[in-house]
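Colleague: Before we look at any particular feature, could you show me how to read the aromatic contacts and the burial of side chains here?

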Amino acid sequence: MNQVEILRFALRGLLANKMRSALTTLGILIGVAAVIMLVAVGEGASRSIQGNIQRLGANTLTISPSFSGGGGGGMRGPVAVDAGPRTQARQLSLADAKALTDRTLAPSVKSVSPVVNAASSTAAYGPASHEIAQFVGTYPSYFEAMNKPVDKGTFFFNDDVLAARKVVVLGKTVVEELFGTVDPIGKQVSVSGVPFTVVGVLKEAGSAGMQDADDMAIAPLPAVQQSLSGFGQLNSIVVQATGAETTMTAQAEVTAVLNQRHGITDNNPDYRILNQATLQETISAATGTFTVLLGAVAAISLLVGGIGITNIMLVTVTERTREIGIRKAIGAPRSAILGQFLMEATLLSLVGGLSGVLVAFLGTRFSVAGIEPVLVPSSVALALGVSVGIGLFFGSYPANRAAKLRPIQALRHE
C-alpha cells in the first residue's frame with residue numbers, strides 16, 4: 001500500500017465522523033491561535049514601550065533631586081535604591097547645569113538643558129481656557145534632547161532666553177483646546193495672567209499611558225522663572241550625550257562633576273540620574289520575559305488539544321476494530337495500519353494548525369486593550385511545527401495500538 005492509498009484511507013476515516021473531526025481540530029486551532037496572538041500582543045506591547053522611551057532620546061540623561069539618598073548618581077542603573085535620609089541635600093541649580101557644559105570636565109556631553117516646571121498653569125485665549133498639564137521652562141537644546149520637533153512655526157532661540165522673552169511653543173492638545181482650527185502662530189495667550197506669544201506648535205506625540213504627551217507648553221527658562229515659578233531650584237537637568245555609545249561615559253562624567261560640586265564623598269548622592277538607554281534595556285528584558293510567559297500559558301491549550309487527539313483516536317481505533325481485523329486478514333501490513341492512523345492524527349493537527357494561523361493573522365489586524373499586536377514569524381512557524389508534532393506524538397499510541405491488533409481478536413470484536 002503506497003502513501004497515496006494511506007492518505008485516501010485516512011481522509012475517508014476522518015470524513016466518516018465530520019463533527020468529531022471538526023471538534024478535535026478546533027482544540028488545536030484554539031491552541032495555535034492563542035500562542036500566536038498572545039506572543040503578538042506581547043511583542044506589540046514591547047515595541048510600544050520602547051517607542052515611548054525612544055521618543056525621549058536613547059542618549060539622554062535626566063538628573064533630578066533626591067532627598068532620600070542613594071539616588072543613582074553612579075553607574076548602577078536608571079533607578080537606585082534608597083540608602084537612608086539625607087540631612088544636607090543641595091538643590092540642583094543653574095550653576096550645576098553650567099558646570100556640566102565644561103568640555104574639559106564632560107567631553108561626552110553634547111548639550112545641557114536646565115528645566116523648571118510651572119505648577120497649575122492655566123492658559124486662556126479669548127473665551128477659551130485650558131489648564132496645561134506640563135508647562136516647561138528650559139533652553140532651546142531641550143527640543144532636540146527630548147525629541148520634541150516643531151510641526152508649525154519655530155522653537156525659541158538663545159536670544160529669547162538671554163532676553164527673557166515671553167514666547168511659547170504649544171503642544172497639539174493645548175492648541176486644540178484654546179484655538180480650535182485657528183492658526184495660533186503669532187497669537188498671545190494668557191498663562192496665569194502673564195501674556196506669552198505663540199511661536200510654534202509641537203509635532204503630535206500621542207498619549208503615554210495615562211498622560212497626554214501633547215498637553216504641554218515650552219518657554220524660555222528666565223521667562224518662566226520671572227513670571228510663573230520663581231528663581232528657585234531646578235526641577236531637573238536634561239543632559240544629551242554626544243551619541244548613544246557615549247551615554248554611559250557621559251553619565252560617569254556628570255556624576256563626577258555633581259559629586260564634586262555637591263561635596264558627595266560616599267555613595268549617597270543628593271540627586272538621581274535616569275539613563276534612557278539603561279531603562280530601555282531593562283524594559284526590553286522585562287517585556288521579553290512577559291512575552292515568553294504569555295506564549296507558555298497559551299501553549300497549555302495546545303497540550304490540551306493534543307490530549308484530545310489521543311482520546312479521539314483511541315475511540316476511533318475501538319470503533320474500527322473489526323475493520324482493522326478485516327484489512328489485516330486480507331493482507332494489509334502493520335505499517336499500513338500504523339501509517340493510516342498516524343496520518344489521520346497528523347491531518348487533524350495540521351488542519352487545526354493552519355486554521356489557527358489564519359485566525360491569529362486576522363486577530364492581529366485589531367488592537368487589543370489599546371495595543372497593536374505585532375505578528376512574530378517565528379511564533380507562527382513554532383506553533384505550526386508544534387501542532388504537527390503533537391499530531392505525530394499523541395497519535396502514535398492509538399496508531400500503535402491499532403497496528404498491534406491480532407486479526408482473529410479484531411474479527412471477534414463486537
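Modeller: A residue is called buried when its relative accessible area is under 20%, exposed when that area is over 50%, and partly exposed in between. This is a predicted model, and in it Phe-155 is partly exposed, with a relative accessible area of 33%, while Phe-157, at 45%, is partly exposed as well.

Colleague: How many aromatic pairs are there, and how are the rings of Tyr-125 and Phe-179 arranged?

Modeller: Rings pair if their centres lie within 6.5 Å, and planes that are neither under 30 degrees nor over 60 degrees apart count as tilted. By this rule there are five aromatic pairs. Tyr-125 and Phe-179 make a tilted one, with 4.4 Å from centre to centre and 40° between the planes. Because Tyr-125 belongs to strand S3 and Phe-179 to helix H6, this pair ties together parts that are 54 residues apart in sequence. Tyr-125 is partly exposed, with a relative accessible area of 26%, whereas Phe-179 is buried at 5%. Phe-155 and Phe-157 form a tilted pair too, with 5.4 Å between centres and 50° between planes, and both belong to one aromatic cluster together with Phe-143 and Phe-156.

Colleague: Which residues of helix H7 are buried, and what do they pack against?

Modeller: In H7, which spans residues 221-229, the buried residues are Leu-221, Pro-222, Ala-223, Val-224 and Gln-225. The elements that they pack against include helix H3, helix H5 and strand S9. After H7 comes Gly-230, with a positive phi near 85°.

Definitions and conventions: Residues numbered from 1 in each chain as written. Predicted model: local features only at pLDDT ≥ 70, side-chain atom pairs only at ≥ 80, totals over all residues. Heavy atoms only, no water. Buried < 20%, exposed > 50% of the residue type's maximum accessible area, 1.4 Å probe, protein only. Helix = DSSP H or I, 4+ residues; strand = E, 2+ residues; numbered from the N terminus. Contact = heavy atoms within 4.5 Å. Phe/Tyr/Trp six-rings, centres within 6.5 Å; stacked < 30°, edge-to-face > 60°.
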